[in-house]
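Please read the following account alongside the sequence and the coordinates. It begins with a single residue and widens from there to the chain.

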Amino acid sequence: MSYTPSLKTKYNDEIVANLKKEFSYKSVMQVPRLEKIVINQGVGAAVADKKLIENSVKELTNITGQQAVPCYSKKDISNFKLRKKMPIGVKVTLRHDKMYEFLERLVRVALPRIRDFKGIESKLDGRGNYTLGITEQIIFPEINIDNVSKIMGMNITFVTSGNSDEEAYALLREFGLPFKNLKKN
């Protein structure tokens, strides 16, 4: 017997039926689904201090449960003292079970820990994807505050198979993302 994340089970049992009814799809295959979650952390100060990239890789690996990879610059930019192939960021792409587990931890544990939290913005990119900006990595319980060398933010991008923003918004709302102005049906 294999383990299935609870959000994946909820998607298959409840969310598909709700969205199929809401958008009157003829087939279950038309229902939008979450394809991947990409967590990206820009570490521009790593040009001066190489330790920051190592710390960011360690922190993102702890948060996601999957090895983070450093991103390197593609060209020289003299104004930023940047040379080609210098590390400037860290990213992780989550799919399948790890994606659902991360989403559940984000919605149920991390987002409620944000100070003065009133919900997240409901602006999607026009193609059915949503990017959430987080200003502090210490909202995740996997991070030990005593070991943090620098408070850094990150972008979390939810890539959906939805054709429009309305479909993707409905999908993410069903998953439990706490949008500010939750549109009532």
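In this predicted model, Glu 167 belongs to helix α4, which covers residues 165-175. The residue is buried, yet it takes part in no salt bridge. Which side chain of opposite charge is nearest to Glu 167, and how far away is it? That side chain is Arg 33, at a distance of 9.9 Å. Because a salt bridge requires the charged atoms to lie within 4 Å, the separation of 9.9 Å between Glu 167 and Arg 33 does not qualify. Glu 167 does have a polar partner: its side chain and that of Tyr 25 are joined by a polar contact of 3.0 Å. When neighbours within four places in sequence are set aside, the contacts of Glu 167 are Phe 23, Tyr 25, Pro 32 and Gly 162.

Between helix α1 (6-22) and strand β1 (34-42) runs a loop that includes Ser 24. Most residues other than glycine have a negative phi. Ser 24 is not a glycine, yet its phi is positive, at about 45°. Its relative accessibility is 58%, and therefore Ser 24 counts as exposed, the threshold being over 50%. Helix α1 itself contains Thr 9, which is partly exposed with a relative accessible area of 32%. From the C-alpha atom of Thr 9 to that of Pro 112 the separation is 23 Å, and the two residues lie 103 residues apart along the chain.

A positive phi also occurs at His 96, a residue other than glycine, where the value is near 55°. His 96 is located in helix α3 and counts as exposed because its relative accessibility is 58%. Helix α3 comprises the 15 residues 96-110. At 1.5 Å a residue this helix should span 21 Å, and its end C-alpha atoms are 20 Å apart, so the expected and modelled values agree. Which residues of α3 are buried? They are Met 99, Tyr 100, Phe 102, Leu 103, Glu 104, Leu 106, Val 107 and Ala 110. As background to such a list, an α-helix has 3.6 residues a turn, so residues three or four places apart point the same way.

The aromatic side chains give a further view of the fold. The structure holds seven aromatic pairs. One of them is formed by Phe 102 and Phe 140; it is stacked, with 6.0 Å centre to centre and 25° between the planes. Phe 102 lies in helix α3 and Phe 140 in the loop between β4 (129-134) and β5 (154-160), so this pair ties together parts that are 38 residues apart in sequence. Phe 102 and Phe 140 are both buried. In addition, ring pairs link Tyr 130, Phe 158, Tyr 169 and Phe 179 into a cluster.

These local features can now be placed in the whole chain. The protein chain has four helices and five strands, and from the N terminus on its elements run α-β-α-β-β-α-β-β-α. Taken along the principal axes, the C-alpha atoms fill a box of roughly 55 × 40 × 35 Å. Of the 185 residues in the chain, 41% are buried. Among contacts between residues at least 6 apart in sequence, 65% join residues at least 24 apart.

Conventions: Residues numbered from 1 in each chain as written. Predicted model: local features only at pLDDT ≥ 70, side-chain atom pairs only at ≥ 80, totals over all residues. Heavy atoms only, no water. Helix = DSSP H or I, 4+ residues; strand = E, 2+ residues; numbered from the N terminus. Buried < 20%, exposed > 50% of the residue type's maximum accessible area, 1.4 Å probe, protein only. Lys, Arg positive; Asp, Glu negative; His and termini not counted. Polar contact = N/O pair within 3.5 Å; in protein donor to acceptor, adjacent residues only side chain to side chain. Contact = heavy atoms within 4.5 Å. Expected span 1.5 Å × (residues − 1). Phe/Tyr/Trp six-rings, centres within 6.5 Å; stacked < 30°, edge-to-face > 60°.
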